[in-house]
Amino acid sequence: SGLIENLADNDGCGIVVESEADTFTEAVNSDHGGFSDLTRKAFHHEGISMNRRTNGEFREIENPRLSLLLTATPDQLKKLIPNIQNGLFSRFMYLRLTPNRDFKDVFDPAKNGYTKHFDDMGQTFLNIYNELEKYENDPILFDLRDSQKAHFLTVFREWKTEVGEYVSSDLDGTINRLGLICFRLSMILTALRNFEQGDYSKIMLCDDVDFYNALRIVEILKGHA
């Protein structure tokens, strides 16, 4: 209920960043406060609602937009998502990091500039976000080119057949949602490129560079999934 209230008070938008997945897992699996269904619906921007008997409170979010960034050990991940039949599994992008056996230089002076670097990046993204917000009532149309659409369908059909035959048919949903993720990444990369170039057109057609970069990213994510 607290998360729904936070989302409702922020026009349906929210970002959750948690460095210990157990914190998120305990909240998701709570008997009285579980919100696994909320996160699954938010992935597709499906409406969510809450009705409290106390004070007759009713909250409804028509178009939730929720991003989650979690870091976890393999064991922590299994507590959050016990198996691939779980609906949450296919809604995440996975990146498994290889352990570094070297002891890093903790006195590296370059680290002193990290805060300013990320503050500057944050300001850049905020400027783009604020510019895009101006189109809330008159949305920008994003689309792939015909050649990109044809290649998109070919690739994901091949991946679905490959994974179904050689890994598990239980991963069908993962491939389907990686298709949606690929489209979203293409859209984000296109928006960033357009705004960098000062292009505020109401119709954004995906550049080949951005489309194939998004596809390369998703191919890596497929391997990690």
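Here are some worked exercises on this structure, which is a predicted model.

**Exercise 1. Work out which residues of helix α2 are buried and how they are arranged around the helix axis.**

Start with the list: across residues 21-28, the buried ones are Ala21, Phe24, Thr25 and Val28. Now look down the axis of α2: these buried residues fall within an arc of 100°, so they line one face of the helix. Last step, check what that face meets. The buried residues of α2 pack against β1, α3 (36-43), β4 (65-70) and α4 (74-80).

**Exercise 2. Find the nonpolar core that is largest, and say which element gives the most to it.**

First, its size: the largest nonpolar core has 41 residues. Next, pick out its best-connected members, which are Leu38, Ile81, Phe156, Leu178, Cys182 and Val218. Then go through the elements: those giving two or more residues are α1, α2, α3, β2, α6 (146-166), α7 and α8 (208-224). Of the elements, α7 gives the most, with seven residues.

Zoom in on Cys182 to finish. Setting aside neighbours within four places in sequence, Cys182 touches Phe152, Phe156, Ala214, Leu215 and Val218. Two of the well-connected core residues, Phe156 and Val218, turn up in that list.

**Exercise 3. Arg177 is buried; which side chain of opposite charge is nearest, and how far away is it?**

Place the residue first: Arg177 sits in helix α7 (residues 172-196). Now look for a partner. The nearest side chain of opposite charge is Glu46, at 7.2 Å. A salt bridge needs the nitrogen within 4 Å of a carboxyl oxygen, and Arg177 has no salt bridge. So who does surround Arg177? Beyond neighbours within four places in sequence, its contacts are Phe43, His44, Gly87, Ser90 and Arg91.

**Exercise 4. Take the salt bridge between Asp120 and Lys116 and describe its geometry and setting.**

Some background: side chains of opposite charge can pair when their charged atoms come close. In this pair, the closest N and O atoms are 2.7 Å apart. Why can they meet? Asp120 and Lys116 are four residues apart in helix α5 (residues 114-133), so about one helical turn separates them. For the setting, Asp120 is partly exposed at 38% relative accessible area, while Lys116 is exposed at 56%.

Now widen the search: the whole structure holds six salt bridges. Among them is Glu131 with Lys134, at 3.2 Å between the closest N and O atoms, and Lys134 is exposed at 62%. Another is Asp143 with Lys149, at 3.3 Å. Here Asp143 is partly exposed at 27%, and Lys149 is partly exposed at 33%.

**Exercise 5. Examine Asp11 and His45: what are their phi values, and where do they lie?**

Recall the usual case: most residues other than glycine have a negative phi. Asp11 goes the other way, with a positive phi of about 55°. His45 has a positive phi too, near 60°. Next, locate them. Asp11 lies in the loop between α1 and β1, and His45 in the loop between α3 and β2 (48-52). Finally, accessibility: Asp11 is exposed at 62%, and His45 is partly exposed at 33%.

While you're in the first loop, have a look at Asn10, which lies between α1 (2-9) and β1 (13-18). Asn10 is partly exposed at 43%, and its side chain reaches the backbone oxygen of Cys13 at 3.0 Å.

Technical notes:
Residues are numbered from 1 along each chain as its sequence is written. This is a predicted model: local features need pLDDT of at least 70, side-chain atom pairs count only at pLDDT 80 or more; totals for chains, interfaces and linings use all residues. Side-chain values use heavy atoms; hydrogens and water are left out. Buried means under 20% relative accessible area, exposed over 50%, partly exposed in between (1.4 Å probe, protein chains only). A polar contact is a pair of N or O atoms within 3.5 Å; within protein, one must be able to donate a hydrogen and the other to accept it, and residues adjacent in sequence count only if both atoms are side-chain atoms. The arc is that of the directions from the helix axis to the C-beta atoms. Contact means heavy atoms within 4.5 Å. Lys and Arg count as positive and Asp and Glu as negative; His and the chain ends are not counted. A nonpolar core is a set of buried Ala, Val, Leu, Ile, Met, Phe, Trp, Tyr and Cys residues joined through side-chain atoms within 4.5 Å.
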